[in-house]
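Student: I have a model open and want the reasoning behind its labels. Can we go through it?

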Amino acid sequence: MRIVIAGGHGKIALRLERLLADRGDTPVGLIRNPDHAADVTAAGAEPVVIDLEAATATELTEKVMGADAVVFAAGAGPGSGAARKDTVDRAAARLLADAASLAGVRRYIMVSAIGVDDGPAPDAEPVWAAYVEAKRAADADLRERSLETDWTILRPGRLTDEPGSGKVRLAEKTGRAAVSRDDVAAVIVALLDEPATIGRVLELVDGETPVADAVAALAE
């Protein structure tokens, strides 16, 4: 499969690109900074430079054309302000959905965050609150696209850089806990292969079930 990944130089994306390339898929990493191209290439993906905060839907459609699926793994990142939480975490996710629809690419995996439907706590720090609201809005937009998009929303818990165990808990509700980025990437690969996960909003944390079994159980 040809998989286009928004946020192609992110920590989850680079792991995902390696996994996809290792099994013979063709990952494409969308990046804003040309200096990141070498890292994306080293991960086994094709780097494509495009600024999701400035691109039009038509420009992004050209990059998505011919893909079998898209994955939104972009984020404004630490140190960014509230404005960029909206332009990246919400608007860029919506732009990718628009482009995928125009390109005829139905499969869309959204990397979201656990608990965003609850909204930010009343005393939340403003930038964090903006992030939660942006993710919630992006998820809501995607869920309204069922006629044109075969979406799955994946909501990992607190992300870590610990080596993946290959064992997770994946369900509509898991409770809050941590999960390694290695295991998030592995779950995304498995979700791409399982049509029964289309139209599902899934939380993901560390657990005791092998990734393949956790995803297969959703089809039962």
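**Pocket, helices and rings**

Tutor: Start with the largest pocket of this predicted model. α4 gives the largest share of its lining, five residues.

Student: What makes a residue part of the lining of the largest pocket?

Tutor: An atom within 4 Å of a pocket point. The largest pocket holds about 1,300 Å³ of space. Its lining has 46 residues, and Ala73, Ala74, Gly75, Ala76 and Gly77 are the closest to the centre. Elements that give two or more residues are α1 (11-22), β2 (26-31), α4 (82-103), α5 (126-143) and β7 (158-160).

Student: How do the lining residues divide into nonpolar, polar and charged?

Tutor: There are 23 nonpolar, twelve polar and eleven charged residues. Gly counts as polar here.

Student: Why are α4 and α5 called roughly parallel?

Tutor: Their packing angle is about 10°. Angles under 35 degrees count as roughly parallel. The label for α4 and α5 is therefore roughly parallel. Their axes lie 8 Å apart.

Student: How do you know that α4 and α5 meet, and which residues do so?

Tutor: Contact needs heavy atoms within 4.5 Å. On the α4 side, Lys85, Asp89 and Arg90 are among the residues in contact. On the α5 side, they include Tyr131, Lys135 and Asp141. By class, the contact has ten nonpolar, no polar and seven charged residues.

Student: What makes Trp128 and Tyr131 a tilted pair?

Tutor: Take the distance, then the angle. The ring centres of Trp128 and Tyr131 are 5.1 Å apart, and pairing requires centres within 6.5 Å. Their planes stand at 35°. Stacked means under 30 degrees and edge-to-face means over 60, so the pair of Trp128 and Tyr131 is tilted.

Student: How many aromatic pairs does the whole structure have?

Tutor: One. Trp128 and Tyr131 are three residues apart in helix α5, so about one helical turn separates them.

Note on methods:
Residues are numbered from 1 along each chain as its sequence is written. This is a predicted model: local features need pLDDT of at least 70, side-chain atom pairs count only at pLDDT 80 or more; totals for chains, interfaces and linings use all residues. Side-chain values use heavy atoms; hydrogens and water are left out. On a 1 Å grid over the protein atoms alone, a cavity is a set of points where a 1.4 Å probe fits but cannot get out, and a pocket is an open set with protein on both sides within 12 Å along at least five of seven lines; lining residues have an atom within 4 Å of a point. Grid points are joined across faces, edges and corners, and a volume is the space filled by probe spheres set on the points. Helices (H or I, at least four residues) and strands (E, at least two) are DSSP runs, numbered from the N terminus. Axes are lines fitted to C-alpha atoms, for helices over the stretch in contact, and angles run from 0 to 180 degrees between N-to-C directions. Angles under 35 degrees count as roughly parallel, over 145 as roughly antiparallel, 65 to 115 as roughly perpendicular and the rest as oblique. Rings of Phe, Tyr and Trp (its six-membered ring) pair if their centres lie within 6.5 Å; planes under 30 degrees apart count as stacked, over 60 as edge-to-face and the rest as tilted.
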